[in-house]
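Reader: Hey, I've got a structure to go through and I'm new to this. Can we walk through it together?
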Amino acid sequence: MKIGAHYLGNGECEFTVWSPTLNSVAVQILQPEQQVQLKPIADGYWQVKVADVYPGTLYRYRLNDQEAFADPASQFQPQGVHGASQVVDHQFQWTDTGWAGVPLESIIFYELHVGTFTPEGTFNAIIPRLPELRELGINAIEIMPIAQFPGDTHIESALAYRNWGYDGVYPFAVQNSYGSPSDLKRFVNACHENGIAVVLDVVYNHFGPEGNYMGQFAPYFTQTYKTPWGNAMNFDDGYSQGVRNYFIQNALYWLGEFHIDGLRLDAIQAIYDLGAKHFLWELAEAVHDFSQGGTWKRHLIAESDLNNPQVIRPPELGGYGIDAQWSDDFHHALHALLTGDRQGYYQDFGKCADLAKAYQDTFVYDWRYAPHRKRFHGMSCSDRPLSQFSVCIQNHDQIGNQMKGERLSERISFAGLKLAAGAVLLSPYLPLLFMGEEYGETAPFMYFVSHSDPDLIEAVRAGRKQEFTAFHYAEDPPDPESAETFLQCKLNWELRHQGQHKVLWDWYRQLIDLRKTHPALQNSDRNSIQAISDEDQQVVIVRRWCESREVIFAMNFNSSPVTVILPIQQSARKLLDSGSQASEYLSVGEEVVLQPTSLVLYEGEV
């Protein structure tokens, strides 16, 4: 069942809402004022067609002849989360008819936050930067959630809305401070013209705390489970079929109306469903059916803390059929080696053997005992292709989880940044870069919000302080409610042309180009990679091959030079060296000197 307000043309609009436990629902048109009763149809849905309703019209639903609320499937909230919904006309002049998408195994993700990526913080402001991202080699932009979230509407500027996006309460509504639905389409269209796919981060495990009126309409929530963010969504209790349809329709809405190429599913471990057919299975089925009727493949990528390959196995093998999933173990293993962090979940990592296992087996914890979790965790994913996993060294969470939102550029050496880039981009997995990483952005990415409820503001501040109590910092974390916190996170985009920032940008570009062109680096066969480690020397060596071509790269995490012998089959030629010291050509058995915190890559023949 298609839900929401659908403009049919000629001043006619069809309104459909799911409210299975209510006695009456009426649509309240605000311009010009009129109220029309919806008629009950099958399975708890209400529907009516209303004349003299045009795009831009504001409306609410009056429930049981009492209070009125915005549409749960609102497509635009021009007055914020507490205001009325607006009728949207989705006609748009697309020019991407020749767009064929980006194959999953070729994707290089670039995660960005719309509000801080440019000074303006809008979809339109991103468009002029697309050619440089294309030049860098990026072929997929992943935008953090854009579902309408709260803001301080007393402020007459873009500063009114400051949020990471995970506090959204209208999953169908384009965030009003980022632009209109047409602006988002213009951005997607421009991305496709530049050969760049668009992946949208969507949140199907909870709603934000402010402006959340979903429970007034229907049993969207269940008391059976709890999430870290409040009540769990009702995917398997009474009336759950309407909740499942709501989110499936949401996915198809973004893919259809906005030509979105893929969805990143937030924290699926908090999507609880003990039914015989898990919601994720049903969602993947619907998205794949949609793809088969289109001209290019759409993808679902799950953020998962489960280390469970069932998420990405096809249904015929007992899986959910999701296309790919994040692998945090790779990040944690690499981060622990580069920074020395051992707090929190990093206590489960810190050995070179962990990173070698992450290259070879994907999951470091594949039903091993995890000290931080105090239990066994994960499962082997040896039956899944390496191209079904996405890895990174920085993303919004991993930076934001630092008390002051410090990026790696503020925590490790320039040599370490080059080593980190090589470790990710030479891996067999789908790499994800976080905006600004490619040139060593110095601005932090702190946690920031804007709420109108004083009690909620204080609760968020207290929660943020509590989060870092165990780390025994001498000062409090930055105030998440402060506009200054948000402004400090804006990118210094001009840095990419300066000094070492440009050197790093060129290094990233070189790595991406090599990844796209070398046969051994394009091969994601799990049987074509070998990784070994040396704890004494703090070295990880990875060998990848394809038919007669091979590459071998060695990573030195030691603060001193080390000497190694690479397992080459024949003489090899150097392709990359972050330390600019190793020999150009290498014979079998010849020693290689690795500079401190460096990476060197050779190619040869098998």
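Reader: Okay, which residue in strand 29 is the bridge partner of Arg573?
Author: That's Tyr585. Keep in mind that this is a predicted model.
Reader: Got it. How many bridges do strand 28 and strand 29 pair over, and in which sense?
Author: Two bridges, in the antiparallel sense. Strand 28 covers residues 572-577.
Reader: And what sheet do they sit in, like what's the strand order?
Author: It's an open sheet of six strands, and the order goes 24-25-26-31-28-29. The pairing is antiparallel.
Reader: Which ones are the edge strands?
Author: Strand 24, residues 529-534, and strand 29, residues 585-586. Each of those pairs on one side only.
Reader: What does helix 9 touch on the sheet?
Author: Helix 9, residues 352-361, packs on the sheet and touches strand 24, strand 25 (539-546) and strand 26 (549-556). The direction of helix 9 makes about 180 degrees with that of strand 24.
Reader: And helix 11, which strands does that one touch?
Author: Strand 26 and strand 31, the latter being residues 598-605. Here the direction of helix 11 makes about 40 degrees with that of strand 31.
Reader: Switching to helix pairs: at what angle do helix 11 and helix 14 cross?
Author: Roughly 15 degrees, and their axes come within 10 Å. Helix 11 is residues 414-425 and helix 14 is residues 499-517.
Reader: Why do helix 11 and helix 14 count as roughly parallel?
Author: Because angles under 35 degrees count as roughly parallel, and these two cross at roughly 15 degrees. The crossing itself is right-handed.
Reader: Which residues make the contact?
Author: From helix 11, they include Phe414, Leu417 and Ala421. Helix 14 brings, among others, Trp507, Tyr508 and Arg515. By class, the contact has 11 nonpolar, two polar and two charged residues.
Reader: Cool. What about helix 6 and helix 7, how do they pack?
Author: At an angle of about 30 degrees, with their axes 10 Å apart. That makes helix 6 roughly parallel to helix 7. Helix 6 runs over residues 240-257 and helix 7 over 279-292.
Reader: Is that crossing left-handed or right-handed?
Author: Right-handed. Residues in the contact include Phe247, Ile248 and Gly256 of helix 6, plus Glu282, Leu283 and Phe290 of helix 7.
Reader: And how many residues of each class are in there?
Author: For helix 6 with helix 7, 10 nonpolar, one polar and two charged.

How values were computed:
Residues numbered from 1 in each chain as written. Predicted model: local features only at pLDDT ≥ 70, side-chain atom pairs only at ≥ 80, totals over all residues. Heavy atoms only, no water. Axes fitted to C-alpha atoms, helices over the stretch in contact; angles between N-to-C directions. Helix = DSSP H or I, 4+ residues; strand = E, 2+ residues; numbered from the N terminus. Left-handed = near helix turned anticlockwise from the far one by under 90°. Contact = heavy atoms within 4.5 Å. Nonpolar A, V, L, I, M, F, W, Y, C, P; charged D, E, K, R; others polar. Parallel < 35°, antiparallel > 145°, perpendicular 65-115°, else oblique. Pairing = 2+ DSSP bridges.
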